[in-house]
Amino acid sequence: MTLRMTLAASAASLCYASVAMAGPQAEVLHWWTSGGEARAVAVLQEEFAARGGTWTDMPVAGGGGDAAMTALRARVLSGNAPTAVQLKGPAIQEWYEEGVLADISAVAEAEGWEDILPASIAGHMQCEGVWCAAPVNVHRVDWVWANKAILEANDIAMPTTWEEFNAAAEKLQAAGITPLAHGGQAWQDATVFETVVLGLGGPDFFRAALIDLDTDALTSDTMKAVFDQMRVMRGFVDSNFSGRDWNLATAMVMNGEAAFQIMGDWAKGEFLAAGKVPGEDFLCASTPGDGYLYNVDSFAMFTVSGDDNIAGQQLLAELIVGENFQKVFNLNKGSIPVRSDLALDDFDSCAILSANEMTATSEAGSLLPSYAHGMALRGAQAGAITDVVTAHFNSDMSSEEAVQMLVDAVANSL
Ligand code: GAL
């Protein structure tokens, strides 16, 4: 054999080997691009690579995932869906009804998901009797985060009622401090709004208004009071809030430029990524009132062809619910594991509070899906509400007008 023939033969065998052993492949669409989010999703990338997988990253920046969902629609319409997509709540069932999601029941059954996932979470992952998504975490939405030093310097305790929140904010404002770090993006306005609905109205009112879309609740004096409170809070944000990303608002609290932020516990992922310690540098408390608004991140697998892609989807689904990922990812992300069989010894006090209150509210019937994060309503209805909330927040619209607009928008979206 000449050298040339030997080289050709080994090149051919290398080529054959790379085709036969390409291994699990996944193109993953997600919106985890902030510091804490990127640190968390890297855990999945590393585990996937360690098991021989090749990950093609498709990050679409934009908190809350609106831009990611627009990118997803474009990809699916062009007949080229990504293999795995960060998707959650009723959007999972909506995509399943379009006939484009893969059935991952074989993985779910092999891994015993039925036994390790709470029924409330498992329900979101099932479509017409099959498993159609893998759950990542439980984020709590109704949190208030605070800069501890600012509160201490101004002799302010974490607020336990909305009156206390307003009084603290007025005191801070008088001292020249921005009370509320906020980013003027529709989903962030909606995030604050739903915590006020829960806090002022209580869990039953939240359910009636934002889950059942009950007309009486939507037009009630309580809903007017919610818009009144939103107007008051509009006065607590700085003049540059418009369009600001949520993680930059978190950084304002971190850096002492503002006292509070109302945001889900992905904000904690930002504090942690910056080396801040809960209880020392920053404080967490649930927003005033009863109840718990949950937001479960998950991945759905789209129908794709090719053994390597299917192997990639199955491996991802297995890893996502696996013990190691559930622990390490959630330590970074600020959320808590979805598995009910994991010890939380390494988790911080905010996570323990979240887990305890999730159990307590589940028993009390006040564990509720977040509307602002796509857990409670179909896209059209949630979008109709958010449009009104953000239009009100960014204008001088009265609460009466907002309530009328809300009930009309909901009626038109049904
Ligand atoms: C939420 C999502 C979180 C976090 C946040 C900000 O909707 O569930 O994981 O990423 O958006 O981007």
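Here a biologist and a modeller talk through a predicted model of a protein with its ligand.

Biologist: Which ground rules apply to this model?
Modeller: Happy to set them out: the model is predicted, local features need pLDDT of at least 70, side-chain atom pairs count only at pLDDT 80 or more, and totals for chains, interfaces and linings use all residues. Residues are numbered from 1 along each chain as its sequence is written, and side-chain values use heavy atoms, with hydrogens and water left out.

Biologist: Let's start with the ligand; where does it sit?
Modeller: On a 1 Å grid over the protein atoms alone, a cavity is a set of points where a 1.4 Å probe fits but cannot get out. A molecule sits in one if more than half of its atoms lie within 2 Å of its grid points. By that test, the ligand sits in the largest cavity.

Biologist: Which residues around the ligand come nearest?
Modeller: A residue counts as near if one of its heavy atoms lies within 4 Å of the molecule. There are 13 residues around the ligand, and those that come nearest are Glu-37, Lys-88, Asp-297, Lys-333 and His-373.

Biologist: How many Å separate a polar side-chain atom of Lys-333 from an oxygen atom of the ligand?
Modeller: A polar contact is a pair of N or O atoms within 3.5 Å; within protein, one must be able to donate a hydrogen and the other to accept it, and residues adjacent in sequence count only if both atoms are side-chain atoms. Gly-64 places a backbone N or O atom 3.2 Å from a ligand oxygen, and a side-chain N or O atom of His-373 is 2.9 Å from a ligand oxygen. For the polar side-chain atom of Lys-333, the distance is 2.7 Å.

Biologist: What share of the ligand's accessible area does the protein cover?
Modeller: Accessible areas come from the Shrake-Rupley method with a 1.4 Å probe, and for residues only the protein chains shown count as cover. On its own the ligand has 300 Å² of accessible area, and the share covered by the protein is 100%.

Biologist: Which side chain does His-139 join in a polar contact?
Modeller: His-139 is in strand S7, residues 139–140; strands (E, at least two residues) and helices (H or I, at least four) are DSSP runs, numbered from the N terminus. His-139 has a relative accessible area of 0%, so it is buried, where buried means under 20%, exposed over 50%, and partly exposed in between (1.4 Å probe, protein chains only). Its side chain makes a polar contact of 2.9 Å with that of Lys-333.

Biologist: Which helix gives the most to the largest nonpolar core?
Modeller: A nonpolar core is a set of buried Ala, Val, Leu, Ile, Met, Phe, Trp, Tyr and Cys residues joined through side-chain atoms within 4.5 Å. The largest has 76 residues, and Phe-193, Met-223, Phe-260, Tyr-371 and Ile-385 have the most contacts inside it. With seven residues, the leading contributor is helix H10 (residues 186–201).

Biologist: How many residues does the second, separate core have?
Modeller: Its members include Leu-44, Ala-71, Met-301 and Met-375. The number of residues in this second core is 68.

Biologist: How many of the eight residues of helix H15 are buried?
Modeller: Helix H15 spans residues 266–273 and is mostly covered. The buried ones are Trp-266, Ala-267, Lys-268, Gly-269, Glu-270, Phe-271 and Leu-272. Just after H15, Gly-275 takes a positive phi of about 80°. The count of buried residues in H15 is seven.

Biologist: Is Asp-155 buried or exposed?
Modeller: Most residues other than glycine have a negative phi. Asp-155, in the loop between H8 and H9, has a positive phi near 55°. With a relative accessibility of 66%, Asp-155 counts as exposed.

Biologist: And Leu-213, is that buried or exposed?
Modeller: Leu-213 lies in the loop between helix H11 (203–211) and helix H12 (215–218), and has a positive phi of about 55° although it is not a glycine. At 10% relative accessibility, Leu-213 counts as buried.

Biologist: Last one: which side chain joins that of Arg-339 in a polar contact of 2.8 Å?
Modeller: Arg-339 is in the loop between helix H17 (323–333) and helix H18 (349–364), and is buried at 12% relative accessible area. A polar atom of its side chain lies 2.8 Å from the backbone oxygen of Val-321. The side-chain partner at 2.8 Å is Asp-341.

Note on methods: On a 1 Å grid over the protein atoms alone, a cavity is a set of points where a 1.4 Å probe fits but cannot get out, and a pocket is an open set with protein on both sides within 12 Å along at least five of seven lines; lining residues have an atom within 4 Å of a point.
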